[in-house]
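Subject: Handover of a structure, with notes

Dear colleague,

I am passing the structure below on to you, and my notes on it follow directly after. Please read them with the coordinates open.

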Amino acid sequence: MDLLKAIQERKSIRAFKPDAVRGKGIDEILRSTIYAPSAINLQPWEWIVVTGEEKREIKPQADQGIQGRQIACSPGNVKPLPKTYGKRGAKTLALMKPFYEEMGVDINQFTNEGSCRFYGAPAAILFCMDDSFPKARIVDVGLALGYFLLTAHEFGLATCPIGLIAAYEDEIKDLLNIPEDKNVVIGVALGYPDWDSPVNRFKTTRDDLSKFVRWIE
């Protein structure tokens, strides 16, 4: 694996082929993911792998949660975002717009409904964490998420992290019998990319490094 190449190539995919992903393949990806670092080696992550009929049942439950609480994709900010971040978001939406227009879909509707069904991916991976941990340990789950995404890319599989799932975790817990003391942190769509879909031709841009770094010497 050329790590730098994988980091630069990998992107989120929002249209998948229906081909099933072998359980052994998912298992091998997770075996690499557990090498992610964590505070005091607590390894606070837990995974629920959902495929087949159970995975298809997630969408109705998600729809129920979203409609009941008027949930939609957003940054989840608790106060107005500084202009820098707002401009990045607006730029990304503007760049994505032609691809959604080619598909003839509304970007917000596609994103919300797509998140609910994991964009048609044959497998959904739920990243969970015991509720005994403080929110600070979500950082460790995030580190494991990065390992998972890059390893999946190495295996020729596509992914899309889906944060919206955490907003309707009550419905998902009921459907999948997830214990109440487990928090659903994020979900990941996993499968083979459908390169015929216009949405998969889109790749996000990045600002120059100078926008993010302040050197102190």
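I begin with helix α3 (residues 52-56), where R56 and E53 both sit, three residues apart, or about one turn of the helix. Please keep in mind throughout that this is a predicted model. The side chains of these two residues, R56 and E53, are joined by a salt bridge with an N to O distance of 3.1 Å. R56 counts as exposed, since its relative accessibility is 53%, while E53, with a relative accessible area of 46%, is partly exposed.

A second pair with a spacing of about one helical turn is found in helix α5 (residues 83-103), where E101 and K97 are four residues apart. Their closest N and O atoms are 3.9 Å apart, and the two residues form a salt bridge; the cut-off for such a bridge is a nitrogen within 4 Å of a carboxyl oxygen. E101 is exposed, with a relative accessible area of 53%.

Helix α8 holds a further pair, K173 and E169, which are four residues apart and thus about one turn of the helix from each other. What is the N to O distance in the salt bridge between the side chains of K173 and E169? It is 4.0 Å. Both partners are buried, because the relative accessible area is 5% for K173 and 17% for E169, and buried means under 20%. Elsewhere, E46, D130 and K182 are joined into one network by salt bridges that share partners. Counted by the rule used here, there are 10 salt bridges. As general background, side chains of opposite charge can pair when their charged atoms come close.

Next come the surface patches. A patch of negative charge on the surface is formed where D131, D174, E180 and D181 gather. Of these residues, D181 is located in the loop that runs between α8 (169-176) and β4 (182-191), and its relative accessibility of 36% makes D181 partly exposed. A patch of positive charge, also on the surface, brings together K83, K87, K91 and K211. K211 belongs to the segment after β4 and is exposed, with a relative accessible area of 58%. That segment after β4 also contains F212, which forms a nonpolar patch on the surface with L209, V213 and W215, the four together having about 510 Å² of accessible area.

The helix α6 (residues 107-116) deserves a separate paragraph. Seven of its 10 residues are buried, so α6 is largely enclosed by the rest of the structure. Which residues of α6 are the buried ones? They are I107, F110, T111, N112, G114, S115 and C116. At the start of α6, D106 places a side-chain oxygen within 3.1 Å of the backbone nitrogen of N108, and just after the helix F118 adopts a positive phi of about 55°.

Positive phi values also occur in two asparagines that you may wish to look at in the loops. N41, a residue other than glycine, has a phi near 55°; N41 lies in the loop between α2 (23-33) and β1 (45-51) and is exposed, with a relative accessible area of 52%. N177, likewise not a glycine, has a positive phi of about 55°. This residue, N177, is in the loop between α8 and β4, and at 67% relative accessibility N177 counts as exposed.

One last item concerns helix α7 (residues 138-154), in which E154 lies. E154 is partly exposed, its relative accessibility being 43%. Along the chain E154 and Y35 are 119 residues apart, and their C-alpha atoms are separated by 16 Å.

With best regards

Key:
Residues numbered from 1 in each chain as written. Predicted model: local features only at pLDDT ≥ 70, side-chain atom pairs only at ≥ 80, totals over all residues. Heavy atoms only, no water. Patch = residues over 30% accessible without salt bridge, like charges linked within 9 Å, V, L, I, M, F, W, Y side chains within 5 Å. Areas by Shrake-Rupley, 256 points an atom, 1.4 Å probe, with all protein chains shown as cover. Lys, Arg positive; Asp, Glu negative; His and termini not counted. Charge placed at Lys NZ, Arg CZ, Asp CG, Glu CD. Buried < 20%, exposed > 50% of the residue type's maximum accessible area, 1.4 Å probe, protein only. Polar contact = N/O pair within 3.5 Å; in protein donor to acceptor, adjacent residues only side chain to side chain.
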